[in-house]
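Dear colleague,

I am passing on the structure we spoke about, together with my notes on what turned up in it. Please read them with the coordinates open beside you.

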Amino acid sequence: MNNFSKLGFIMATLGSSIGLGHIWRFPYMAGSSGGGAFVLLYLAIIFIIGISLLVAEMIIGNKGRANAQDSFNALDTTKAKKWKWGGIFLIGGPIILTYYCVVLGWVIYYLVMLSFNLPSDVKTSQDIFVNLLNEGVMAQIICFFAIVFITGYFVARGVKAGIEVLNFILMPLLFIIFIGLLIYSMTLPSFSQGVHFMFDFDFSKITSKVLIDALGQVFYSLSIGICIIITYAATTEEKQNLFSSAMWVVIPGILISLIAGVMIFTFVFEHNAEPASGPGLIFITLPLIFKEMGLTGNIICLLFMIGLAFAGISSTVSLLEPSVKWLEEKTKLNRFSATWFLSFLIFVVGVALIFSLNPNNKLEIMGKNLFDCADWLSANILLTLGGLTSCIFVGWVIGKEKLRSFTQHYFNNAAFELWLFSLRYLAPATILTILIYNLFIKG
């Protein structure tokens with residue numbers, strides 16, 4: 001049986017959540033959203049609703065025992081049986097991959113080309129990144145192809161021989177690298193400043209924007225809403241303690257985010273850089289900081305980019321798996337054919353996204369280049385609507401008594417009621433808040 005072991009499921013789900021969201025997005029979001037205020041809200045939200053949503057999606061897969069669409073259908077208690085369409089959100093995985101693999105390609109480019117040839121001033125660092133996006137089309141395509149190929153290779157090998165083995169290798173190495181970098185940052189004078197920035201909770205900095213950013217980060221970092229968790233849980237033991245599994249995913253994910261944040265902001269403050277550097281924090285600000293460290297900085301840059309690449313690849317595999325499983329079970333394609341068919345489509349679309357990064361190519365929809373469109377669609381629509389579908393389906397459609405029987409071996413009555421309240425009321429309210437803000441306020 002091509003199923004995850006108990007530990008394999010935890011490692012694969014952890015690998016899915018610990019990607020660029022934790023190591024790239026979390027630090028720059030914290031840097032531009034109030035530091036400790038953002039971290040406080042993020043932690044509160046992930047424990048109040050994030051775990052509830054994670055367990056809910058695990059239940060759909062664990063009890064449905066199939067691809068996302070058929071898992072919804074198997075648990076649908078309505079006569080119309082229309083909830084199977086909840087599985088449509090698995091399309092989010094390939095869409096995200098079209099630009100996620102491009103960003104991960106930038107990491108590979110920096111790893112290979114810049115680790116020992118770092119820029120010495122802000123303008124040079126900015127020019128390197130801008131020129132890569134606008135002029136370095138072939139370099140981007142080569143790096144993008146490498147990521148898509150590696151992803152396809154491990155998914156094609158299957159759950160046990162591919163995905164589980166990959167995460168057993170990458171997750172321990174990732175933690176070793178980042179704990180090593182954290183230990184080094186602890187020797188620097190600015191370590192305490194980085195810690196204060198991350199953990200001093202200034203309530204005056206909590207604004208509606210910081211709240212929405214924290215809400216969005218929870219979804220981004222837990223892989224909720226695009227059927228990854230559902231698909232992975234379909235290959236677990238039926239009596240697996242899903243709450244325990246969820247905690248083993250959430251806690252290490254939080255730790256790697258905090259480690260990355262403290263480490264990065266220690267480097268930032270040590271060299272008087274700006275913490276609110278946005279997405280360019282990794283690709284523009286950090287290379288300058290590493291340059292100032294001399295040979296030590298070259299080594300740290302190399303290790304940091306390797307860790308970032310490891311985290312990203314574990315996520316790309318999880319983003320591809322739900323669609324491959326669906327094609328394998330709903331069509332005549334075997335796993336090998338389904339994997340490489342989807343990988344080819346992702347590559348073709350991704351190349352178009354790369355070309356759209358050059359403003360001279362005018363590959364735009366409503367004023368946004370294709371890259372930004374793919375990002376906007378997945379982050380603002382697919383993740384939120386997919387998460388809303390899952391929490392309504394589990395919270396209201398499956399039925400309270402059936403849910404109680406599903407969870408009785410890991411939830412006592414009080415814990416069950418708290419979980420269900422969060423799933424039925426707090427999670428939908430939160431998701432709708434994100435959706436309304438992103439569609440009608442942020443735009």
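The sulfur of C301 lies 14 Å from the closest cysteine sulfur, which belongs to C143, and that is too far for a bond, given that a disulfide calls for sulfur atoms within 2.5 Å. Please bear in mind that this is a predicted model. C301 itself counts as buried, at 1% relative accessibility. C391 is likewise in no disulfide, the nearest cysteine sulfur being that of C227, 13 Å away, and C391 is buried too, with a relative accessible area of 0%. A search of the whole structure accordingly returns 0 disulfides.

C143, the cysteine closest to C301 by sulfur position, is one of the buried residues of helix α7, and that helix deserves a closer look. Helix α7 runs over residues 137-156, and its 20 residues reach 28 Å from the first C-alpha to the last, close to the 28 Å expected at 1.5 Å a residue. Besides C143, the buried residues of α7 include V137, Q140, I141, F144, I147, V148, T151 and F154, and among the elements that cover them are α5 (92-114), α6 (122-134), α8 (159-185), α14 (295-330) and α15 (335-356). After the helix comes G158, whose phi is positive, near 100°.

Which residues of α7 are partly exposed rather than buried? Two of them are F145, with a relative accessible area of 46%, and F149, at 43% relative accessibility. These two phenylalanines are 4 residues apart in helix α7, and are therefore separated by about one helical turn. In general, an α-helix has 3.6 residues a turn, so residues three or four places apart point the same way. As for the aromatic pairs, their count comes to 30. In the pair formed by F145 and F149, the ring centres are 6.2 Å apart and the planes meet at 25°, so the pair is stacked, the cut-off for stacking being planes under 30 degrees apart.

Two further aromatic features may be worth inspecting on your side. Ring pairs join Y99, W106, Y109, Y110, F129, F283 and F371 into a cluster. Elsewhere in the sequence, R424 lies over the face of W396, at 4.3 Å from the ring centre.

With best wishes

Technical notes: Residues are numbered from 1 along each chain as its sequence is written. This is a predicted model: local features need pLDDT of at least 70, side-chain atom pairs count only at pLDDT 80 or more; totals for chains, interfaces and linings use all residues. Side-chain values use heavy atoms; hydrogens and water are left out. The expected span of a helix is 1.5 Å times one less than its number of residues. Buried means under 20% relative accessible area, exposed over 50%, partly exposed in between (1.4 Å probe, protein chains only). Contact means heavy atoms within 4.5 Å. Rings of Phe, Tyr and Trp (its six-membered ring) pair if their centres lie within 6.5 Å; planes under 30 degrees apart count as stacked, over 60 as edge-to-face and the rest as tilted. A charge sits over a ring if NZ of Lys or CZ of Arg is within 6 Å of the ring centre and within 35 degrees of the ring normal.
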